Every structure is written in C-alpha cells, then in structure tokens.
Amino acid sequence: MAAVKFYVVWVGHKPGIYKSWADCQAQTKGYPQARFKSYESEAEARQALEKGWQKSLNFSGKGSSAATNTSKSASPESAPEIDFDSISVDVGCSGNPGIVEYKGVDTKTGEIIFYQGPIAKGTNNLGEFLAIVHGLAYLQQQGSNKTIYTDSVTALSWLRKKEVSTNLVRDSSTEEIWTLVDRALKWLRSNSYSNKIVKWDTKKYGEIKADFGRK
C-alpha cells in the first residue's frame, strides 16, 4: 500500500491540508504563485502550515515566468569564483521517480525567484533540466544576461543537445512532468540565449544555494 502523503497548501484557492495529490492540485492548479508541499505525517504538515511557506520552504518569494529573445546561445562553462549576481537552481525529489519540486533563487541572498511543484511523478534529472530552462525563460523576460548555476551534469548535457534521455515512461502518472518537459524542449528549440550556464562546484563551495536540504 502506498504511503499516505499530507499536502500543505499555503497559497491557493483554499489553503489548508489535503490528503491526496488530486485534492492539492485542485486548490493550486492555475492559481498564480501557488505555494504547496507534501509531508510524510499530518503532524509535520500542521507544523508547516502554521510556520508559513516562507519559513517552511526556506525562502521568500518573487514572481516568475517565460519569454523570448534572439541573442546567441552560450555553452555551459566553469567559473573559478562565484558570480553572486546570478541565480542558482536545484531540485527536490521524494523518490526517484517520485514527487518533484524545483526552484531558482538569488545566489547572493537565497531569495526565491521561481518555484514549481510538487509535480506528481518525475525524476531528479528531469527536474534539474526544467529548472535550468525555467531560469533561462525567466531571465529573458527580465532582459537579464545573468549566469545560472546548476549542480547537474546530466541536465547540462541535455541542455546542450536540446533533448532528454530518460527511462521515465509516458503514462497518466507522468503526464504532468512530460507536459512541462515537452514545453521546455520546444522553448529551447525556438529561442536562443547568451546567459552562461555554469556547473556549481559543490566540493569547493558546498551545496548550491537553491539546495532543498534533503540529502
């Protein structure tokens, strides 16, 4: 029997705690800047609801979204020192495959720039890939040439190739993440960018600023 999850909705049509992904999604799908997260126990969920999403998700928010640009695409590269005028992205995955969340934060302050999730079923690598593309789209909307940091070698490879290589099947349980991935691939193939996409040096700098702290 699958473990029961408790879904906290801080910002949505009707904030509260829900015991199924379907109920959570009903309160958050289509709601601007919805904030929600799953927990293993009802006690954890109630505590998180009381704390608020800023403290529970370890960030405070600014908006997000997508756009277009015509500048030349840049290849991922390494940097000897951190460029703090940048954004960092990372994924949180409960199981692999499992529930996926990702976010982009200001590398200097740790403040949220965008957040997506929970996505019902996906993989860590797909979440990392989506986070990078979301970051690129967001920066284009802002007219910004800022660097993006990621700690995923696989996602960087997929970004260069503009295609993903995964064993995750396409079925009703994975429809949500595949819809996002297909959209991201379409965006990559029809847009270009000049932002640097840099591999975060975890050994040198510690965990990436956007880390979900679940290791």
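What follows is a chat between two people about a predicted model of a protein chain.

Colleague: I'm new to this one, so how many helices and strands does the protein chain have?
Modeller: The model is a predicted one, and the secondary structure of its protein chain comes to seven helices and eight strands. Of the 215 residues in the chain, 48% count as buried, and of the contacts with a separation of 6 or more, 69% are between residues 24 or more positions apart.

Colleague: And what is the mean pLDDT of the chain?
Modeller: The mean pLDDT is 84, with 87% of the residues reaching 70 or more. Over residues 59-79, however, the pLDDT is below 50, although this stretch has 67 contacts in the model beyond near neighbours in sequence.

Colleague: Let's talk about the sheet, then. What is the order of its strands?
Modeller: The order is β6-β5-β4-β7-β8, which makes an open sheet of five strands with mixed pairing. Strands β6 (112-122) and β8 (197-199) stand at the edges, and because each has a single partner strand, one side of each is left without a neighbour in the sheet. From one strand to the next, the twist averages 20 degrees.

Colleague: How many bridges join β5 to β6?
Modeller: There are six bridges between β5, which covers residues 98-106, and β6, and the two strands run antiparallel. As one point to look for along that pair, K103 stands opposite Y115 in β6.

Colleague: Which strands does α4 lie across?
Modeller: Helix α4 lies across β4 (86-95), β5, β6, β7 (147-150) and β8, and it runs at about 150 degrees to β4. If you want a residue to follow in that helix, E128 is in α4, which spans residues 124-142.

Colleague: Is E128 buried or exposed?
Modeller: E128 counts as buried, because its relative accessibility is 4% and the cut-off for buried is under 20%.

Colleague: So what is E128 in contact with, leaving aside its neighbours within four places in sequence?
Modeller: With those neighbours left aside, E128 is in contact with V89, D90 and V91, and also with T150, D151, S152 and A155. Of these, D90 has its place in strand β4, and D90 also counts as buried, at 2% relative accessibility.

Colleague: Changing topic, which residues does the UniProt "binding site" annotation cover?
Modeller: According to the UniProt record, which is an unreviewed entry, the "binding site" annotation covers D90 and D211. They span 122 residues in sequence, yet no two of their C-alpha atoms are more than 5.7 Å apart, so they gather at one spot.

Colleague: Where does D211 lie, and what does it touch?
Modeller: D211 lies in the segment after α7 (202-205). Leaving aside neighbours within four places in sequence, D211 is in contact with D90 and with K103, and K103 is the residue that stands opposite Y115 in β6.

Colleague: What about cysteines: how many disulfides are found in the whole structure?
Modeller: A search of the whole structure finds zero disulfides. For C24, the relative accessibility is 0%, so that residue counts as buried, whereas C93 counts as partly exposed because its value is 21%.

Colleague: Where does C24 lie, and what surrounds it?
Modeller: C24 lies in helix α1, residues 21-28, and beyond its neighbours within four places in sequence it is in contact with Y7, V9, Y18 and F36. C24 and G12 are twelve residues apart in sequence, and their C-alpha atoms are 9.0 Å apart in space.

Colleague: Now the backbone. Which peptide bonds are cis?
Modeller: Two that can be named are the bond from N96 to P97, with omega near 10 degrees, and the bond joining G117 and P118, with omega about -5 degrees. P97 is found in the loop between β4 and β5, whereas P118 is found in strand β6.

Colleague: Why pick those out?
Modeller: They are picked out because most peptide bonds are trans, and in a similar way a positive phi is worth a look because most residues other than glycine have a negative one.

Colleague: Which residue has a positive phi although it is not a glycine?
Modeller: K162 does, with a phi of about 60 degrees. K162 lies in the loop between α5 (153-161) and α6 (175-190), and since its relative accessible area is 28%, K162 is partly exposed.

Definitions and conventions:
Residues numbered from 1 in each chain as written. Predicted model: local features only at pLDDT ≥ 70, side-chain atom pairs only at ≥ 80, totals over all residues. Heavy atoms only, no water. Disulfide = S-S within 2.5 Å. Buried < 20%, exposed > 50% of the residue type's maximum accessible area, 1.4 Å probe, protein only. Helix = DSSP H or I, 4+ residues; strand = E, 2+ residues; numbered from the N terminus. Contact = heavy atoms within 4.5 Å. Pairing = 2+ DSSP bridges. Axes fitted to C-alpha atoms, helices over the stretch in contact; angles between N-to-C directions. UniProt positions renumbered as here; feature names shortened; annotations may be inferred. pLDDT = per-residue confidence, 0-100.
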